[in-house]
Amino acid sequence: MDFDRRKASTLASLSSNEADKSPKGSLDTPIIPLINIINNHLSYFTTSSCSGRISILSQPKPDPKSSNPTKKKARGGTWLFITHDAADPDSVISLLFSDSIKLTQNSELVFRFEPLIIAVECRDLNSAQSLVSLAIACGFRESGITSASKRVIVGIRCSIRVEVPLGDTQKIMVSEDYVRFLVGVANEKMEANWKRTDGFLRAFLKSQEGALENGDVSNCSKSGGDCNEGQGSFERSFGYAQDLVPSESLGESEVISRCILYISPMIIAGEPIERLFLWGHSACTLENMDKTEVLIFGGFGGSGRHARRNDSFLLDPFHGILKEINAVSRPSPRLGHTASLIGDCMFVIGGRADPTNILSEVWVLNTVKNEWRLLDCTGSAFPPRHRHAAAAVGSKIYVFGGLNNDTISSSLHVLDTNTLQWEELVAYGEWPCARHSHSMVAYGSKIFMFGGYYGEALGDLYSFDILTCSWKVEKVGGRSPHARFSHSMFVYQYYIGIIGGCPVRQHCQELALLDTRSLFWRHVILSSMDKELFVRCTVNVVHDDLIMVGGGAACYAFGTKFSEPMKLNLLPLLSLNDHDSSSRHGENHGNKQEGGLMGNDNFLFQAPHVGIGSTQCPETQSLNVENHMGLTCASGWVVKLEKRHAKLGKDILKKFGWLDQERKVYAHENGLFISFPVTEKFCAIFLEDKFESSGDHLLKTFKAESFLLNEMSSSAALDVLKEIGAIKLPDEVVQKRKASKSPLKIMTEAVASLIRQKGLSDELLEQLPNRWERLGDIIVLPISSFRDPVWDSIGEELWPIIAKSLNTHRLARQGRVAANGTRDGTLEILVGDSGWVDHHENGILYSFDSTKCMFSWGNLSEKIRMANLDCTDAVIVDLFAGIGYFVLPFLVRAKAKLVYACEWNPHAIEALKRNIEANSVSDHCIILEGDNRITAPKGVADRVCLGLIPSSEGSWLTAVRALRSEGGILHVHGNVKDTEEESWANHVSKSISEYARSEGRCWEVAIDHVERVKWYAPHIRHVVADVRCRQI
């Protein structure tokens, strides 16, 4: 049965007089208008619904004699009370506290509020994604696609629920006042539920714009004639016709049909790749003399339990190396902030620390010293915001829009990073509407802004001229990119690119490019994006590659989805349109042209005083030249500069296409001078016989002036190079830049060569690892790699090859944790002598012998959670201290007064002693060697950590004895089946209560929180129960 037949059948059953399959037997009256509007749409019909309800559920108790307890949902139950309106507290109280309720079967009683939930079948994934986006925007944030195989089903729902046990039919465990309070809370939530439902109805009506099934369906887009069919402005990009129009029919001005760009995943070494599973983070391109890296900060996600982060990383895209920056005094965890790089400093502005804490603060990271600092900015008030956009021009950062709770901003602020003063600009021209989740880039003296969200997705392009302080709606030819928000923008050569965002497109992914020379939109097809979600990701241009980090979405049905780091080579874009290549490669490539925009560098810089208006031809310019015979081609020449002028010289060479990026930049004379390889074009301008030899390397005196690089002519640029003492001389090194290869590819090629040389089967290559971990400077191969015994026969030659491929001096292979009481590690060193490593994590140094001690990367989120506790003046007992996994976070970050560290593994104890000394906390730690059931102190602890898996139950009594007489908190670790978390938590609570009674403690024991740390195995989770013990 196809969609239309199923829809007709469902609507026919709705219009009949027969009762439906719900317990009530009919639709809830409050949502009949919404149901009718949805069912009138061509692409939707409802399959089930509830407008929201307040109820008391009576559910049979589980049979205590049964060896296989029945799940809650399978036990069934009946409603003692239910209403789809506000509840009357007196009616609920009279029902609960009447004698008649005791006459019924003994059952558990649960008070509930449940919000609106609607199941909608959709014609296709396009319409489903559109509906989900609209629902989430209206506050139904748990909405998602629950089925996408034979039928596409969307669930519309939110999380404003209440579920409180009241006792049972024989005894109500709460007072009448508490029930009255519960009813009041539920009524408030019902009111909020109605407001969200009304908002969703209005938004749905607005999105249709006259394209209902029974109304006008002639409202078609101008691109390819596709009919929106009521999907509205929120998701206009989902029309089939637009996505399926062949690129040839659109012409070169619409889609560059000769070019398909291929996206490839990045192989990450160093830190685990899961630490880049983020969205709402920030990223900047950090250029050093020897390499260019991507600097990443904050965001939501990460390894272990997903949460807001305040980690900083450097990603080397060329080698795929990810390393954490261990900086002190870092900002609080956040997402939705912006980061802008000014010189060597990254400025982080705003963000959201939690749903109620929107930030206005400005932090700066000095990338040379690895130091964070909170800035005290003056000037105009800068209101808190997140999901804003920022762009840097020179020493100033321009910030527009953003979100602060329900307030969407349309203000434009500028931060002068020299004076640390905010200024709210009063601009002229066509001011943009308020928005959030938009993107901005700087290009010359202009800032370009596209898209965002303000009641609907926006598709407008604005420019802000910093010289005239005016906004302008850019009128651009070609097909405009579809409206979107949470997307990314970048600048590459003379293109401004737009990628990703929400709503997500199904049929194909496109990279929208604004050609700044002709002011025309072009669109390039991207491959391999059907499974990636570039929503709230970051993009950075590194040489000719676009580095995409993070992005994703959350769905209550499918969970959280993150995109892996990806790389897109942009170089093919420069080979297009050969007919106008002269304008791209000519002298005036960066200058303003007729109908075009200014060049692509977006910063101000200090430069010597030169004649900007000079009419001198490039051919008559002169640099200081050291003459050598026969070298006039690009492969043999470099421009040599003093180190202090290297950044300026590099910017000029890059802007005018004079820097030969096929060869390496290198330093010489103890780093005092930097040599930049130059291109054929540069050599053609500066023929050797036009220069006289000069040995004068001293910088001439000049007057410094600030100006825009893009306003500089090529002749003026040559004057600048001359004034800063540039010297043209033959390249003595001639180092060719290697083609970019991932470590995995390098390893595969090297190992393939070896096994063929040894006459072994190529099938062995299947056992090569595609991921590995790093402990300090040791690369650790997974236990599943190199399983065949034949590898050991060539180990003497193999392991050095692997180490060289992965750029490490020490290589090891992971073994299983020994099944003994001390849980010894079994790491096997393959290359290198010692197994001792220094591992930095969360600002803490862990030093240990990796061949004898285990170390878990997956527990990072739990270590951070413990580190973020306020343990000032607290005494803590760690019954399973190990090398200090939790001891050190308690002491270094949580500032505990004293930690008793119990451990019986002598290798771990040796490492623990080193670590408390190295982290300067030895005065606050007492190490107790031996079995904790014997050595642990009694009656001293505010907290006890039981960090042993799969179970720490053997020391639960010891933990109870360690707590002070008035109680405290236990952090109980365990491995639990995902279907048994609730029963495990009840078992923990009950057992601790019994141990407390046996020790004569009169405590109230409750589970405050159960933390899901990581998946340990299929359907097995590592969890931590926070057990609060309070004296009664």
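**View 1. The largest nonpolar core of this predicted model****.** This core brings together 46 residues. If you want a place to start looking, try Phe111, Leu131, Ile156 and Phe200, the residues with the most contacts inside the core. Helix α5, which covers residues 176-208, supplies the largest share, with eight residues.

**View 2. Phe111 and its contacts****.** Which residues does Phe111 touch, leaving aside its neighbours within four places in sequence? One group to find is Ile54, Ser55 and Ile56. Val162, Glu163, Val164 and Leu166 are also in contact with Phe111, and Leu182, Val183 and Ala186 complete the list.

**View 3. A second, separate core****.** Now move to another part of the chain. Here 36 residues form a core of their own, and among them are Phe848, Ala874, Phe886 and Val887.

**View 4. Thr197 in helix α5****.** Is Thr197 buried or exposed? Thr197 counts as buried because its relative accessible area is 7%, under the 20% cut-off. Its side chain reaches the backbone oxygen of Asn193 at 2.8 Å. Beyond its neighbours within four places in sequence, Thr197 is in contact with Ile31, Leu34, Leu116 and Phe140.

**View 5. Confidence along the chain****.** The mean pLDDT is 80, and 79% of the residues reach 70 or more. Take care with residues 209-258, where the pLDDT is below 50; beyond near neighbours in sequence, this stretch has 109 contacts in the model. Residues 688-707 also have a pLDDT below 50, and that stretch has 54 such contacts.

Note on methods
Residues numbered from 1 in each chain as written. Heavy atoms only, no water. pLDDT = per-residue confidence, 0-100. Contact = heavy atoms within 4.5 Å. Core = buried A, V, L, I, M, F, W, Y, C linked by side-chain atoms within 4.5 Å. Buried < 20%, exposed > 50% of the residue type's maximum accessible area, 1.4 Å probe, protein only. Helix = DSSP H or I, 4+ residues; strand = E, 2+ residues; numbered from the N terminus. Polar contact = N/O pair within 3.5 Å; in protein donor to acceptor, adjacent residues only side chain to side chain.
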